[in-house]
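Here is a report for a first look at this protein. Keep the structure in view while reading.

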Amino acid sequence: MAHEQRTDKQPKKKKGWLGAAIVCIGSFAFATLPEPDPLDMSPEAVAEREQQKLERQRQLAEIARQREICDVSKHRSTAIVTARYLVKERLNDPRSARFPRAPSQLTVDQSTCTFAIAGEYSAKNAFGGRVRGSYAMNVQVDADGNSKGTNIIVR
């Protein structure tokens, strides 16, 4: 049997490298445009430009400060301990509470240093039997390492 060539295949499309090259060159040209000469600008325009630069520097400093304040590796354990403490406060027998190694969900909003934590626990009920439950909450950590829980749900 001879090998038959399939005719139902679509021809290969050529890649549009020219368009990508134009976009790259245009982006480079825009990024390297010289700033206007302050001597050619009006005093109001120079003052506005300086104000914009100062505002941008303030924004960058605030972002750096927030990142420093909300060091996830540093505050993660604080948030988890706080969450477990708040769960224990709501149980009949807080000393019997057991938690798995890590919460099932842990996300952080670095702009506010708020951790969203969800997980499971087991503890003794009023009759002495062990029951399982779940919890979810937000824990906000401030610059000093103090934390507080909000939106606490323990089931």
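## Strands 1 and 2

Strand 1 (residues 105-109) and strand 2 run antiparallel, joined by 5 bridges. One pairing to find is L106, whose bridge partner in strand 2 is I117. The two strands form a hairpin with 4 residues between them. In that turn, C113 has a positive phi of about 55°.

This is a predicted model. Please read every value below as computed from it.

## Strand 2 and its other neighbor

Strand 2 covers residues 114-124. Of its 11 residues, 8 are buried, so strand 2 is largely enclosed by the rest of the structure.

Strand 2 also pairs with strand 3. The sense is antiparallel, and the pairing runs over 11 bridges. Here G119 stands opposite Y135 of strand 3. Strands 2 and 3 form a hairpin too, with 5 residues between the strands. G128 in this hairpin takes a positive phi near 90°.

## Strands 3 and 4

Strand 3 spans residues 130-141, and strand 4 spans residues 147-154. They pair in the antiparallel sense over 6 bridges. V141 stands opposite S147 in strand 4.

Which residue in the turn between strand 3 and strand 4 has a positive phi? It is G145, with a phi of about 90°. This hairpin has 5 residues between its strands.

## The whole protein

Now step back to the overall layout. The protein has 3 helices and 4 strands. Along the sequence they follow the pattern α-α-α-β-β-β-β.

The protein has 155 residues, and 19% of them count as buried. Its accessible surface comes to about 12600 Å². Carbon and sulfur atoms account for 54% of that surface. Among contacts with a separation of 6 or more, 43% link residues 24 or more positions apart.

## Helix 3

Helix 3 runs over residues 72-89. How far apart should the ends of its 18 residues be, at 1.5 Å a residue? The expected span is 26 Å, and the end C-alpha atoms are 25 Å apart, which agrees.

Seven names mark its buried residues: H75, A79, I80, T82, A83, L86 and V87. They cover an arc of only 165° around the axis, which puts them on the same side of helix 3. The face turned away from that buried side carries exposed residues, namely S73, K74, V81 and Y85.

## Salt bridges

How many salt bridges does a search of the whole structure find? It finds 2.

One joins E55 to R58, with the closest N and O atoms 2.9 Å apart. Both residues lie in helix 2 (residues 43-69). They are 3 residues apart there, so about one helical turn separates them. An α-helix has 3.6 residues a turn, so residues three or four places apart point the same way. E55 counts as partly exposed because its relative accessibility is 34%. R58 is also partly exposed, at 46% relative accessibility.

The other salt bridge joins E89 to R90. Its closest N and O atoms are 3.6 Å apart. E89 is partly exposed, with a relative accessible area of 47%. R90 counts as partly exposed at 44% relative accessibility.

Technical notes
Residues numbered from 1 in each chain as written. Predicted model: local features only at pLDDT ≥ 70, side-chain atom pairs only at ≥ 80, totals over all residues. Heavy atoms only, no water. Buried < 20%, exposed > 50% of the residue type's maximum accessible area, 1.4 Å probe, protein only. Contact = heavy atoms within 4.5 Å. Areas by Shrake-Rupley, 256 points an atom, 1.4 Å probe, with all protein chains shown as cover. Expected span 1.5 Å × (residues − 1). Arc of directions from axis to C-beta. Salt bridge = Lys/Arg side-chain N within 4 Å of Asp/Glu carboxyl O. Pairing = 2+ DSSP bridges.
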